[in-house]
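Here are some notes to read with the model open in your viewer. They go through the enclosed spaces, one helix and a few loop residues.

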Amino acid sequence: MTDSTESDYSKRTSWRRLTVFSLIFIAMTAAGLYAVYDQFAGRSITFDPRLIAPSTLLMAGLLLLVYFLSDGLRLHFTLRALGHRLPFKVMFRLVFINLFFSNVTPMATGGGFAQIWYLHRHGVPMGRATAATTIRTVLAVLFIFTLTPVFLLTLRALKDHTITGNIGVALAIFIFLYLGFFAILLFRTHWLIVPLTRLLVALRHLHLISEERHRRWQFKARREMLRFSDSFGDYIKGEPRYVILSILFTALFLLSLFSFPALLIHSLGYDVDYLVTLGLLVVTTFIMYFSPTPGASGISEGVFGSFFRDILSGNHLVLVTVSWRLLTIYLGMIIGLIVLQRELIKDRRNPE
């Protein structure tokens, strides 16, 4: 099999896999919304025109602008701290490509790989690209994992809740494992070389990869992991303003993400306790991190409906759930799919 044929086969396989995951995403989303409708909304749903009032659309548009801009800028300044600079149009295409891939792959794994591929396409070395996307993820994880226990212990709305009532032990285990993995990845990267080497040896013994590919992959894996380790050190030692800005824009990104439910609920005339809605979204996002479904589809809708059923009336609960996911996920995914198609068409027209 020639390299060209192998590449074409790999692309066809990847698209088939993405198609399957996309169909799973749609099916699980539908199942999650039906569960909210059936279990939490009392089988009631009524469209409320206040959600599309000009003032609501204006505020939602401004919040979306902050959401997308801060998402791009948090990675931009992480790259700047690492000594790389890409055009803003490249960075913001990447925002939407990430939104598409991270929501059609289980546990958001595809988003990181897609960003690494895209950054590498635009001249960022693989180790640097891996470091930038991982550091960007770790910053968000640190915010969410730090705030989740605080809200679980202080929010009255979560006390004796069926989802969070027995989450204490699981929470401790998840936080330990997740942060432990990232600590090893960032500070003791070389520890991962041995298990990775053994995995490649096992794949070779099972005849899943050729001898030549085994040698090539092992060399590249070791080289990129060592580069990644060096890159993280460079980020810590990078220009302080870029490091600080990457942290600040991560905080702004999360704050805008967690503010959408408060905006939607306020637009429907409810008396909103912003801190409560913020806390409920932080815990919802924490749970979504461990969802095995593509983009936490189904689970995110179910958890959101369960948390907000005491705040919203039944006829508004499904409506707000759909609107929340539309603004934060579905819209970005659609744009991401369009951007990805254009990038692939550009690749076919200008093959390297």
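1. Let's begin with the lining of the second largest cavity: its residues split into five nonpolar, two polar and one charged. Bear in mind throughout that this is a predicted model. The residues around this space are I193, L196, T197, L200, Q218, A221, R222 and M225, and the elements giving two or more residues to that lining are α7 (193–205) and α8 (211–236). The space itself comes to about 30 Å³.

2. How many cavities of 30 Å³ or more does the structure hold? There are two. The largest one has about 40 Å³ of space in it. If you want to find it in the viewer, select D71, G72, L75, M91, L94, V95, N98, Q115 and R136, which line it. Two elements, α2 (54–81) and α3 (88–104), each give two or more residues to this lining.

3. Which element gives the largest share of the lining of the largest cavity? That would be α3, with four residues. As for chemistry, the lining of the largest cavity divides into four nonpolar, three polar and two charged residues.

4. Back to α7, whose residues I193, T197 and L200 are buried. Those three span an arc of only 65 degrees around the axis, so they sit on the same side of α7. The general rule is handy here: an α-helix has 3.6 residues a turn, so residues three or four places apart point the same way. I193, T197 and L200 also turn up in the lining of the second largest cavity. On the face of α7 turned away from the buried side you'll find R198 and H205, both exposed.

5. What about the length of α7? This helix has 13 residues and reaches 18 Å from its first C-alpha to its last, close to the 18 Å expected at 1.5 Å a residue. Just after α7 comes H207, which takes a positive phi of about 60 degrees.

6. Two other backbone spots deserve a look. R43 has a phi near 55 degrees, a positive value in a residue other than glycine. You'll find R43 in the loop between α1 (3–40) and α2. Is R43 buried or exposed? Neither quite fits: R43 is partly exposed, because its relative accessible area is 46%, and the partly exposed class runs between 20% and 50%.

7. The second spot is A296, in the loop between α10 (274–288) and α11 (299–308). A296 has a positive phi too, near 55 degrees, and again the residue is not a glycine. Here the accessibility is low: A296 has a relative accessible area of 5%, so this residue is buried, the cut-off being under 20%.

8. S297 also has its place in the loop between α10 and α11. S297 counts as buried because its relative accessibility is 0%. What is S297 in contact with, once neighbours within four places in sequence are left aside? The partners are I24, F25, M28, T29 and R325. If you're checking this loop, show those five side by side with S297.

Terms used:
Residues are numbered from 1 along each chain as its sequence is written. This is a predicted model: local features need pLDDT of at least 70, side-chain atom pairs count only at pLDDT 80 or more; totals for chains, interfaces and linings use all residues. Side-chain values use heavy atoms; hydrogens and water are left out. On a 1 Å grid over the protein atoms alone, a cavity is a set of points where a 1.4 Å probe fits but cannot get out, and a pocket is an open set with protein on both sides within 12 Å along at least five of seven lines; lining residues have an atom within 4 Å of a point. Grid points are joined across faces, edges and corners, and a volume is the space filled by probe spheres set on the points. Ala, Val, Leu, Ile, Met, Phe, Trp, Tyr, Cys and Pro count as nonpolar, Asp, Glu, Lys and Arg as charged, and the others, Gly among them, as polar. The expected span of a helix is 1.5 Å times one less than its number of residues. Buried means under 20% relative accessible area, exposed over 50%, partly exposed in between (1.4 Å probe, protein chains only). The arc is that of the directions from the helix axis to the C-beta atoms. Contact means heavy atoms within 4.5 Å.
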